[in-house]
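This report goes through one structure, part by part. It takes up a salt bridge, then two sheets, then the spaces between the atoms.

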Amino acid sequence: MAELSSADHSISPPQVRIPRDYNAAHDLLERNLKAGRGGKTAVIDDAGSYTYQDLAHRANRFANALQNLGIQREQRIVLALHDSIDFPAAFLGAIKAGVIPIPVNTLQTTKDYDYVLRDSRACMLVVSEALYDTFAPAMKDKPDLRHVIVSGRDARGQLLFNNICAQAAPEFKTVETSSDDICFWLYSSGSTGSPKGTVHLHSHLMQTAELYGRGVLGIRENDIGFSAAKLFFAYGLGNGMTFPFSVGATTVLMAERPTPQAVGRVLKQHKPT
């Protein structure tokens with residue numbers, strides 16, 4: 001599976017070239033391993049820190065778990081996850097497997113989730129344990145929904161994220177995809193009617209990382225970043241994941257709501273010395 005070459009990485013925006021044969025998750029992970037950053041910290045969350053090699057293995061394990069559960073390429077899975085290592089592992093692992101992840105707002109209601117599950121015809125839900133009770137009524141009468149995976153300690157009678165990943169291999173051969181294949185969905189806010197599942201292609205993640213992450217924000221390898229916008233937002237997805245991963249930087253993820261107090265605590269904890 002092709003990814004942007006090291007020569008491409010040095011090209012200044014807006015000259016971003018994406019190969020025809022391309023998988024966005026493969027690129028975001030493998031570029032760091034090839035650059036020798038496997039031992040560098042990629043993610044710091046509420047539970048600890050994880051290197052780029054740890055992240056790659058977690059994403060690969062989830063990709064293998066999807067195949068073990070019979071999830072096919074181009075099928076859709078809903079991710080209702082608080083910001084932690086499980087979000088990028090599930091998001092990137094799904095994309096490596098050719099499966100289409102749909103991150104959703106973790107602050108919505110049961111009615112909202114019922115609509116998304118029905119509209120997307122998702123065959124799997126990956127949900128944080130703290131959100132399970134809100135989702136539970138929405139899981140009913142969904143013939144397409146075959147598996148529910150819980151991220152946390154209590155599986156609530158479903159499959160546990162850590163368990164299915166632990167039982168899967170840490171190596172995975174990326175499914176062949178192209179730069180203009182569908183990569184993921186994000187639902188709109190619904191301000192002009194029912195929310196719409198907006199389609200994003202494999203090329204979009206690296207284009208925004210190169211054009212905005214590097215070209216506007218100027219993110220670099222030695223940066224430590226934190227995004228008040230959560231990963232389920234398009235802006236948070238870039239700030240908290242694809243922008244830092246595109247250059248080998250470190251991202252700090254916080255599960256709780258970004259109140260001024262919580263954000264201030266994180267910034268003080270990770271301020272440069």
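## A salt bridge between two helices

A salt bridge here is a side-chain nitrogen of Lys or Arg within 4 Å of a carboxyl oxygen of Asp or Glu. Side chains of opposite charge can pair when their charged atoms come close. The structure is a predicted model, and by this rule the count comes to 9 salt bridges.

One of them joins Asp 86 to Arg 58, with 4.0 Å between the closest N and O atoms. Asp 86 belongs to helix α4 and Arg 58 to helix α3 (residues 52–68), so the pair ties together parts that lie 28 residues apart in sequence. Each of these two helices also appears below, beside a sheet.

## The parallel sheet

Five strands make an open sheet, and their order is β4-β3-β5-β6-β7. The pairing in this sheet is parallel. Its edge strands are β4 (100–103) and β7 (159–160), each of which pairs on one side only.

Between strand β3 (residues 76–80) and β4 there are 4 bridges, in the parallel sense. Arg 76 has Ile 100 in β4 as its bridge partner. Helix α4 (residues 86–96), the helix of Asp 86, lies across β3, β4 and β6 (147–151). The direction of α4 is at about 150 degrees to β4.

## The mixed sheet

A second group of 4 strands forms an open sheet in the order β2-β1-β11-β10, and here the pairing is mixed. Why is one side of β2 and of β10 left without a neighbour in the sheet? Strands β2 (48–51) and β10 (224–226) stand at the edges and have a single partner strand each, so one side of each has no neighbour in the sheet. From one strand to the next, the twist averages 20 degrees. Helix α3 packs on this sheet, where it touches β1 (41–45) and β2. The direction of α3 makes about 85 degrees with that of β2.

The pairs can be followed across the sheet. Strands β1 and β2 run antiparallel and are joined by 4 bridges, with Thr 51 in β2 as the bridge partner of Thr 41. The hairpin that joins β1 to β2 passes through 2 residues. Strands β1 and β11 run parallel, with 2 bridges between them; Ile 44 stands opposite Val 252 in β11. Strands β10 and β11 pair in the parallel sense over 3 bridges, and Ile 224 stands opposite Thr 250 in β11.

## The cavity

The structure has 1 cavity of 30 Å³ or more. The volume of the largest cavity is about 40 Å³. Which elements supply at least two residues each to the lining of the largest cavity? They are α9 (234–247) and β11 (250–252), and β11 is also a strand of the mixed sheet.

Residues that line the largest cavity include Asp 83, Phe 226, Lys 230, Gly 236, Gly 240, Thr 251, Val 252 and Met 254. Val 252 is also the residue that Ile 44 stands opposite in the mixed sheet. By class, the lining consists of 6 nonpolar, 4 polar and 2 charged residues.

## The pocket

About 400 Å³ of space lies in the largest pocket. Of the 17 residues that line the largest pocket, those closest to its centre are Ala 47, Ser 84, Asp 86, Ser 151 and Gly 152. Asp 86 is thus named twice in this report, as it also forms the salt bridge with Arg 58. The pocket lining divides into 5 nonpolar, 6 polar and 6 charged residues.

Technical notes
Residues are numbered from 1 along each chain as its sequence is written. This is a predicted model: local features need pLDDT of at least 70, side-chain atom pairs count only at pLDDT 80 or more; totals for chains, interfaces and linings use all residues. Side-chain values use heavy atoms; hydrogens and water are left out. On a 1 Å grid over the protein atoms alone, a cavity is a set of points where a 1.4 Å probe fits but cannot get out, and a pocket is an open set with protein on both sides within 12 Å along at least five of seven lines; lining residues have an atom within 4 Å of a point. Grid points are joined across faces, edges and corners, and a volume is the space filled by probe spheres set on the points. Ala, Val, Leu, Ile, Met, Phe, Trp, Tyr, Cys and Pro count as nonpolar, Asp, Glu, Lys and Arg as charged, and the others, Gly among them, as polar. Two strands pair if DSSP finds at least two bridges between them. Contact means heavy atoms within 4.5 Å. Axes are lines fitted to C-alpha atoms, for helices over the stretch in contact, and angles run from 0 to 180 degrees between N-to-C directions.
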